[in-house]
Amino acid sequence: MSDPLPGASEPEPIRIPDEDLDDLVSALSRTMAEVRQHGVLLDRLGSEAGTEPDAGPGSEQPDPAAEGEPGAAPPLFILAMGGAQYAVELAGLANWVTHLLLPAYGREISSTRPWCARWYEHPEAVARLHGLWLAWQELTAAEAGRTGPSTWHRDHLDHALLQLRSPDGPFAACTTSPSRPAHRLLSTPDQLGLAA
């Protein structure tokens with residue numbers, strides 16, 4: 001920052017009325033959340049794009065994803081992922097489910113609204129929650145506008161929770177028998193070292 005001009009007075013400090021502080025804190029919190037979210041997306045895009053510099057106009061290369069080549073872009077949906085990519089995506093999803101979704105929308109668990117603490121072992125739950133998380137990322141971004149969150153609630157959250165927490169949904173038996181052997185793991189028995 002440059003020094004003030006000789007003879008120039010210092011600018012007056014900005015004063016914000018107390019009644020406006022809550023709005024300012026809320027706006028700042030939303031902005032910080034968006035910046036963090038954009039950082040995650042940029043990291044993801046950077047890792048997907050690779051490190052080769054652009055060779056300039058006229059040097060377009062064919063899209064490997066369109067041709068089904070081995071260098072194709074990684075899948076966006078979690079059930080199409082594998083290995084380390086799946087583990088990283090599941091960790092991000094688990095963080096979102098644990099720290100945002102459940103505290104805000106978890107409600108009481110009952111036989112008519114079951115939930116399983118081991119939701120990550122249910123392929124249907126992982127798939128539905130991942131889709132919900134992807135929609136949340138898109139519809140809570142600044143580009144979604146002011147109605148984005150409402151659209152997310154109406155079009156995504158309500159339906160997903162109805163399916164997941166239905167009395168005959170993926171967690172139906174978990175409420176009555178938490179140690180039930182019917183938990184379907186996403187890993188195969190030989191991946192877990194359980195194969196005979």
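Colleague: Among contacts in the chain between residues at least 6 apart in sequence, what percentage join residues at least 24 apart?
Modeller: This is a predicted model, so totals for chains use all residues. Take the contacts in the chain between residues at least 6 apart in sequence. The share of them that joins residues at least 24 apart is 70%.

Colleague: How many helices and strands does the chain have?
Modeller: Read along the sequence, the pattern is α-α-α-α-α-α. The secondary structure therefore comes to six helices and zero strands.

Colleague: What percentage of the residues of the chain count as buried?
Modeller: Buried means under 20% relative accessible area. The chain has 196 residues. The buried share of these is 23%.

Colleague: The structure holds aromatic pairs. What kind of pair do Trp96 and Trp152 make?
Modeller: The structure holds five aromatic pairs. In this one, the ring centres of Trp96 and Trp152 are 6.4 Å apart and the planes stand at 80°. Planes over 60 degrees apart count as edge-to-face. So the pair of Trp96 and Trp152 is edge-to-face.

Colleague: Which helices does the pair of Trp96 and Trp152 link?
Modeller: The two residues are 56 apart, so the pair links distant parts of the chain. Trp96 and Trp152 are both buried. Trp96 is in α3, residues 83-105, and Trp152 is in α5, residues 148-164. The helices are α3 and α5.

Colleague: Where do Trp115 and Phe171 lie?
Modeller: Their ring centres are 4.9 Å apart with planes at 65°, so this pair is edge-to-face. Both Trp115 and Phe171 are buried. The pair ties together parts that are 56 residues apart in sequence, because Trp115 lies in the loop between α3 and α4 and Phe171 in the loop between α5 and α6.

Colleague: Which residues form one aromatic cluster?
Modeller: Trp96 and Trp152 are paired edge-to-face. Both belong to the cluster. The cluster is formed by Trp96, Tyr105, Trp136 and Trp152.

Colleague: Are α4 and α5 roughly parallel or roughly antiparallel?
Modeller: Their axes are 9 Å apart, and the packing angle is about 175°. Angles over 145 degrees count as roughly antiparallel. So α4 and α5 are roughly antiparallel.

Colleague: How do the residues of the contact of α4 with α5 divide into nonpolar, polar and charged?
Modeller: From α4 the contact includes Leu129, Leu132, Trp136 and Leu139. From α5 it includes Trp152, His156, Leu157 and Leu164. The residues of the contact divide into eleven nonpolar, five polar and two charged.

Colleague: On which residue is the kink in α3 centred?
Modeller: The kink in α3 is about 40°. The buried residues of α3 include Leu93, Trp96, Val97 and Leu101. The residue at the centre of the kink is Val97.

Colleague: Which residue just after α3 takes a positive phi?
Modeller: It lies in the loop between α3 and α4. At 67% relative accessibility, it counts as exposed. Its phi is near 50°, a positive value in a residue other than glycine. The residue is Arg107.

Colleague: How far apart in space are Ala91 and Tyr120, C-alpha to C-alpha?
Modeller: Ala91 is in helix α3. At 47% relative accessibility, Ala91 counts as partly exposed. In sequence, Ala91 and Tyr120 are 29 residues apart. In space, C-alpha to C-alpha, they are 9.9 Å apart.

Note on methods. Residues numbered from 1 in each chain as written. Predicted model: local features only at pLDDT ≥ 70, side-chain atom pairs only at ≥ 80, totals over all residues. Heavy atoms only, no water. Phe/Tyr/Trp six-rings, centres within 6.5 Å; stacked < 30°, edge-to-face > 60°. Helix = DSSP H or I, 4+ residues; strand = E, 2+ residues; numbered from the N terminus. Buried < 20%, exposed > 50% of the residue type's maximum accessible area, 1.4 Å probe, protein only. Axes fitted to C-alpha atoms, helices over the stretch in contact; angles between N-to-C directions. Parallel < 35°, antiparallel > 145°, perpendicular 65-115°, else oblique. Contact = heavy atoms within 4.5 Å. Nonpolar A, V, L, I, M, F, W, Y, C, P; charged D, E, K, R; others polar. Bend = angle between axes of the 7 residues up to and from the residue.
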